[in-house]
Amino acid sequence: MAQNQASSSNSTEWKAALNLPKKDLRPQTEDVTATKGTEFEDMFLRRELLMGIFEAGFERPSPIQEEAIPIALARRDVLARAKNGTGKTAAFVIPTLQQVDVTKPKIQACLLVPTRELALQTSQVCKILGKHMGVQVMVTTGGTTLKDDIMRLAEVVHVLVGTPGRILDLAGKGVADLSECPVFVMDEADKLLSPEFAPVMEQLLAYLPPTRQVMLFSATFPIIVKDFKDKHMKNPHEINLMDELTLRGVTQYYAYVEERQKVHCLNTLFSKLQINQSIIFCNSTNRVELLARKVTELGYSCFFSHAKMLQAHRNRVFHDFRNGVCRNLVCSDLLTRGIDIQAVNVVINFDFPKNSETYLHRIGRSGRFGHLGLAINLVTYEDRFNLFRVEQELGTEIQPIPQTIDKSLYVAPAGAEEPTGAVKKGQNRNPQQPGSRQQQTPQQSRGQTPAVAGPPRPPQQQPTYQQQQILNGAQAQAQYQQPVAR
Ligand SMILES: Nc1ncnc2c1ncn2[C@@H]1O[C@H](COP(=O)(O)OP(=O)(O)OP(=O)(O)O)[C@@H](O)[C@H]1O
Ligand SMILES: [Mg+2]
């Protein structure tokens, strides 16, 4: 189990041998800096794990990590609430990895998340932090071939990350043996306890031993969680770091528009804002596709993603957008929770969300790890009560958009653009990519082949259609845009 080899006399040698990423010099808010001063080396973690943590660019724990890791290591059940982008993932991945015995060929942790993209991202964090441990991490989600998962499970898996339906399927078939799995984590727990997932979660828990440790994490915990807590958790340690709800680094504005003015307004925003990468949210799949087409017609490159797309295409879009292939992503609430792309400095609610939880998670896609971000809401007459309600429920003020937006509110100062961090490693940094310090310029004249979007096609044509879109987007990007700062 835990050995604090790090404090041994040769501690400097292994640290000197680490392959550390470039420092992230961007300013950070108290959301991540207001800690008690704990160091990772104070946490009795095994050295191999510490090596992974430091090589991911993590220098010291964030407040949620400082609070949650020691409790989780003591095998207590944990119910933790902390703001978006403040490091909840590592707060459960680090104690999970610490508890894995890699000599034992059994599933020893089951990490549940509500979406496939988030499962991929979380498994990646496990792999990066556990890089020196020899831990075997498997990701499993719907939308992929069950047979591949069954074959993979014939080999050793220590940590299983996935979406509930697929894991239940594998457990039910007796392929995923969770009978000795001591750790059960629910990230975005309130979403996993919504009516859509709750019955699956209940069934899934029955496959784990009664002694399992249950950990719930989210930035939003409505009352829904109480029933689950009473029923399935043993004297959980509750952490709530939400003294306020919204991120300090994210400035929020609204633009009051008519529905038919929205695209024009977006065009103006594109031309005026210094967007490094942006995520633009719509309230329906249809509107995602329509808007992606409009954006392309305006001459800006964009990708789009929603739940009705083939999984392989969703993965490709997610992967390429992360790697800065394209500056803008139009999407539905599929990518509202947990998605961590540090280069995103602007979130635009093209459609205002229906509830405050969704609003909070959406705007939390910018301003990751205490950095600066901008959230702009296009608000119509019909949205006015919703806007008011969101402000009330989140105790925040969404101001009318000014004529000019001070860049220092959402653009990192010169020389400090380079983020580090787990998901950054191995990312493709294309030197041909657009320059972060400039506004976007339309990249193609109207009438050319759209980079993204187009009419719905029959399923058999979809792969070529989407591949072509992505290809077009990538080429257009390389030719016309300035690099994305990563
Ligand atoms: N201790 C640390 N030092 C530096 N960077 C960190 C540290 N912990 C996490 N990060 C980085 O912070 C970013 C946000 O982390 P993470 O995705 O875990 O946030 P979160 O709290 O789960 O947010 P959300 O509520 O949106 O899911 C990631 O890029 C991660 O690599
Ligand atoms: Mg998260």
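**A helix in its setting and a ligand between two domains**

In helix α8 (residues 164–172) of this predicted model, the buried residues are Pro164, Arg166, Ile167, Leu168, Leu170 and Ala171. Here, buried means under 20% relative accessible area, exposed means over 50%, and partly exposed lies in between (1.4 Å probe, protein chains only). Helices (H or I, at least four residues) and strands (E, at least two) are DSSP runs, numbered from the N terminus. An α-helix has 3.6 residues a turn, so residues three or four places apart point the same way. The cover over the buried residues of α8 includes the strands β2 (109–112), β3 (137–140) and β4 (159–162), together with the helices α7 (146–152), α9 (189–192) and α10 (198–205). After α8 comes Gly174, with a positive phi near 75°.

Residues are numbered from 1 along each chain as written, while chains are lettered from A and ligands numbered from 1 in the order in which they are written. As the model is predicted, local features need pLDDT of at least 70 and side-chain atom pairs count only at pLDDT 80 or more, whereas totals for chains, interfaces and linings use all residues; side-chain values use heavy atoms, with hydrogens and water left out.

Positive phi values also turn up in residues other than glycine. One of them is Glu188, with phi near 55°, in the loop between β5 (183–187) and α9. Glu188 is buried, with a relative accessible area of 5%. Arg75, with a positive phi of about 70°, sits in the loop between α4 (63–73) and β1 (78–81). Arg75 is partly exposed, at 36% relative accessibility.

Attention now turns to ligand 1. It is surrounded by 20 residues (each with a heavy atom within 4 Å of the ligand), and the closest are Gly85, Lys88, Thr89, Asp340 and Arg368. This shell draws at least three residues from each of domain 1 (20–240) and domain 2 (250–480), with bounds from an automatic or database domain assignment. Oxygen atoms of ligand 1 lie 2.8 Å from a polar side-chain atom of Arg365, 2.9 Å from an N or O atom in the side chain of Asn84 and 3.2 Å from a polar backbone atom of Gly87. The protein covers 94% of the 640 Å² of accessible area that ligand 1 has on its own (Shrake-Rupley method, 1.4 Å probe).

Across the whole protein there are 17 helices and 14 strands. Of its 486 residues, 58% are buried.

How values were computed. Polar contact = N/O pair within 3.5 Å; in protein donor to acceptor, adjacent residues only side chain to side chain. Contact = heavy atoms within 4.5 Å.
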